[in-house]
Structure formats: structure tokens, C-alpha cells
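Please open the model in your viewer and keep the sequence panel beside it, since each stop on this tour begins with a selection. The route goes from one pair of strands to other parts of the chain, and ends with a view of the whole.

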Amino acid sequence: LVNMERVRWMPAERGSRFILVNIPEYKLHVMDSGRQIMDMNVIVGTAANNTVIFSGNLKYVVFSPYWNVPSSIVRKEMLPAISRNRNYLSRNNMEITGYSGGLPEIRQKPGPTNALGLVKFLFPNNFNIYLHDTPNRELFSSTTRSFSHGCIRISEPKKMAEYLLRDDQSWNSETIDSAMHLAKEKWVTLNKTVPVYVVYFTAWVDRSGLLNFRNDIYKHDTKMAEKLFTR
């Protein structure tokens, strides 16, 4: 009943092409013309850093991205690490680009160790959440995959880039691979945006008619049930 209520919140018209990320399933699905043409494992936010439920429009592919470290991570994680090891920034391919409110503005340069991997996918939103690659590939084999600070790490980023740019004749597998290994980030604006729905379904019926259940990793079901079924 909780999940059926969530279905009512979904837009009635989602378009012929869209991306759906189901947080408790740890999966991303690409729908095109009524068919599911791609799905892949994802890593979502921890219980303390929930990935937000919302929708947006994917507009940009950013190859060889910089990682502009959020101020909260600079304060809680980077500054203590720097105080312990003066070479922390250079060892992690990072640099200070300025200061804001007495706090250093830190970014990680493009490269194989970059926290965002070799490409990210932006659907502008107020939550600063996006899809991105990761150098920590081994985490995708875990049964539960809630490890991030809130953004969504995807297991097949090059495949996603190829799909999004497939109608642009200036891009192919080779040019995409080259763009993923640049010294500076490269922004590409999609000719047509793609809707992205970040959802939270712990129960659903799949294409084979099988009823699926997943763990309520953020305890959203519990809170919602209290509101729906209070006497």
C-alpha cells in the first residue's frame, strides 16, 4: 500500500525516453519507446547521507570532470586529513583554488583517481545530485550499495555516454573514450534533455509478473506507514 501510494506521485506522462533510478533496488533503468533498453547497478547515498527522491532533466555530459569538493566534506574530512599529512592534496591530485569564509576551496583534478571517475551526467537541481563514474569499481559487486555522500555512482558510465550521444554524429566509442581521458574537463550539452526520475520503491511487480521486495534502507516506508495508517 505504501508503494502503491508512491505510484500516485509519479507524473502521469513520463515521455517516451527517460532514466529511472530506484534507490532501494540499487539499479538504474533506461526506458525508450516503452521498452527497457538498459539497466545497470548503482551506488546511492548512505543512511546518513540519503539520496534525495526527485526528478530532473539530464542536460550535460561532462568528460574528465573536476571534483569540486563540497564545503561540508572539506570541513569534516579534508582539513583533518591535511593536518595529519601536509602532502595530502598533492598525493590525491587536488589543489586549492581559493578561499570562502576562511575555508579553502578544493578541487580534484581529472584523472583515474578522481572521485567522480572519468565522466559525470548533470541534471541541474537544488540538491547537487548527479550521476557519475567512480574509481572504486569493486563496490558494485556488493549486495547493498549505499556508500556515497548522496550522488549516484553508475557501473557503466561509458555505455551511458554512448547512449546519450548516439544521435550526435560527432561522437562514437573512440571519441568518447578519448574525452574521458583529458587533462581538463569537457562539457557537452545534449541536443535534447532526458527526464531523470530518482524514486524509492521497495515493492513492485517486474516485467515477468514477479513481485519484488527490497529493504527499506532509509526507513521511508516506516515513516510513511505511520502517516497512512494511523488510527
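Begin by selecting β1 (17–22) and β2 (27–32), which run antiparallel and are joined by six bridges. The model is a predicted one, and this applies to every stop that follows. Within this pair, R17 stands opposite D32 in β2. The two strands form a hairpin with four residues between them.

Now select Y26, which sits in the loop between β1 and β2. Its phi is near 55°, a positive value in a residue other than glycine. Is Y26 buried or exposed? With a relative accessible area of 6%, Y26 is buried, the cut-off for that class being under 20%.

Return to β1 and show its side chains. Six of the six residues of β1 are buried, so this strand is largely enclosed by the rest of the structure. Both of its faces are covered, with R17, I19 and V21 buried on one side and F18, L20 and N22 buried on the other. Add β12, residues 186–199, to the selection: β1 pairs with β12 in the parallel sense over four bridges, and here N22 stands opposite V199.

Move next to strand β8, residues 119–122, where again both faces are covered: V119 and F121 on one side are buried, as are K120 and L122 on the other. Which strands should be shown with β8? One is β4 (residues 54–63), which pairs with β8 in the antiparallel sense over four bridges, and another is β9 (residues 131–132), which is also antiparallel to β8, over two bridges. F121 has a bridge partner in each of these strands, since V61 of β4 is matched with F121 in β8, while L131 is the partner of F121 in β9.

Keep F121 selected and display its surroundings. Leaving aside residues up to four places away in sequence, F121 touches L58, Y60, V61, Y130, L131, I154, P157, M160, A161 and L164. F121 also belongs to the largest nonpolar core, which has 38 residues, and it is listed with L28, L58 and F63 as having the most contacts inside that core. Strand β12 gives the most to this core, with five residues. Apart from this core lies another, of 14 residues, among them I73, V74, M78 and L103.

On the way to that second core, pause at S64, which lies in the loop between β4 and β5. S64 has a positive phi of about 45° although it is not a glycine, and its relative accessible area of 2% places it among the buried residues.

Select V74, which is found in helix α2, residues 71–84. At 1% relative accessibility, V74 counts as buried. Its contacts, not counting residues up to four places away in sequence, are with V69, L79, P80, L103, P104 and I106. To gauge distance in the viewer, draw a line from the C-alpha of V74 to that of N136: these residues are 62 apart in sequence and 20 Å apart in space.

With α2 still shown, add β5, β6 and β7: the helix lies across these three strands and runs at about 90° to β7. The strands form an open sheet in the order β5-β7-β6, with antiparallel pairing. Its edge strands are β5 (67–68) and β6 (94–100), each of which pairs on one side only. Between β5 and β7 (residues 103–108) there are two bridges, and W67 has Q108 as its bridge partner in β7.

Finally, clear the selections and show the whole chain, which has six helices and 14 strands. Its radius of gyration is 19 Å, close to the 17 Å that the globule rule gives for 231 residues, so the chain is as compact as a globular protein of that length. Along the principal axes, the C-alpha atoms fill a box of roughly 55 × 50 × 30 Å. Of the 231 residues, 45% count as buried. Of the contacts with a separation of 6 or more, 63% are between residues 24 or more positions apart. If you switch on the surface, its accessible area comes to about 13,000 Å², of which 49% belongs to carbon and sulfur atoms.

Note on methods. Residues numbered from 1 in each chain as written. Predicted model: local features only at pLDDT ≥ 70, side-chain atom pairs only at ≥ 80, totals over all residues. Heavy atoms only, no water. Buried < 20%, exposed > 50% of the residue type's maximum accessible area, 1.4 Å probe, protein only. Contact = heavy atoms within 4.5 Å. Pairing = 2+ DSSP bridges. Axes fitted to C-alpha atoms, helices over the stretch in contact; angles between N-to-C directions. Core = buried A, V, L, I, M, F, W, Y, C linked by side-chain atoms within 4.5 Å. Rg over C-alpha atoms; globule rule 2.2 N^0.38 Å. Areas by Shrake-Rupley, 256 points an atom, 1.4 Å probe, with all protein chains shown as cover.
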